[in-house]
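Q: Please take a close look at the disulfides of this protein and at the helix that comes after them, and describe how these parts are arranged.

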Amino acid sequence: MAEAVSDKIKNYKTAPFDARFPNTNQTRNCFQNYLDFHRCNKALSAKGQEVSPCEWYQKVYKSLCPMSWVSKWDDQIENGSFPGKI
């Protein structure tokens, strides 16, 4: 399975269709992938496992989200005021 994930990450071009977000507005998709990336990192780091599968979520949110949002969310995480549950 790790090989399949690494192949997908290597061949990544842009965010694929996600049936959870069928509408044109991809704001929620952006935010959800940002949360999933940080949750994945937190969960795998706590178990002492490799966090490379989390790169998929990072690539998706970086292709969907404006960088100004990402930097704002990163600052909020550092300050402890991020509204999402990670």
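**Disulfides and the helix that follows**

A: In this predicted model, a disulfide joins C40 to C54, with an S to S distance of 2.0 Å. This pair links distant parts of the chain, since C40 is in helix α2 and C54 is in the loop between α2 and α3, 14 residues apart. The torsion about the S-S bond of C40 and C54 is -80°, and the link is left-handed. Both ends can be placed by their accessibility: C40 has 15% relative accessibility and therefore counts as buried, and C54, at 0% relative accessibility, counts as buried too, the cut-off for that term being under 20%.

A search of the whole structure finds two disulfides, and the other bond joins C30 to C65, with an S to S distance of 1.8 Å. Because C30 lies in helix α2 and C65 in the loop between α3 and α4, this pair ties together parts that are 35 residues apart in sequence. Here the torsion about the S-S bond is about 120°, so the disulfide of C30 and C65 is right-handed. C30 and C65 are both buried. When the bonded cysteines are counted along the chain, the disulfides follow the pattern 1-4, 2-3.

The helix to consider next is α4, which runs over residues 67–79. Helix α4 has 13 residues and reaches 18 Å from its first C-alpha to its last, close to the 18 Å expected at 1.5 Å a residue. Its buried residues are V70, W73 and Q76. These buried residues cover an arc of only 125° around the axis, which means that they lie on the same side of α4. The spacing can be read against a general rule: an α-helix has 3.6 residues a turn, so residues three or four places apart point the same way. On the other side of α4, E78 and N79 are exposed.

What covers the buried residues of α4 includes α2 (27–47) and α3 (55–64). Helix α2 therefore appears in both parts of this description, as it holds C30 of the disulfide with C65 and is also among the elements that cover the buried residues of α4. After α4 comes G80, whose phi is positive, near 80°.

How values were computed:
Residues are numbered from 1 along each chain as its sequence is written. This is a predicted model: local features need pLDDT of at least 70, side-chain atom pairs count only at pLDDT 80 or more; totals for chains, interfaces and linings use all residues. Side-chain values use heavy atoms; hydrogens and water are left out. Helices (H or I, at least four residues) and strands (E, at least two) are DSSP runs, numbered from the N terminus. The expected span of a helix is 1.5 Å times one less than its number of residues. Buried means under 20% relative accessible area, exposed over 50%, partly exposed in between (1.4 Å probe, protein chains only). The arc is that of the directions from the helix axis to the C-beta atoms. Contact means heavy atoms within 4.5 Å. A disulfide is a pair of cysteine sulfur atoms within 2.5 Å.
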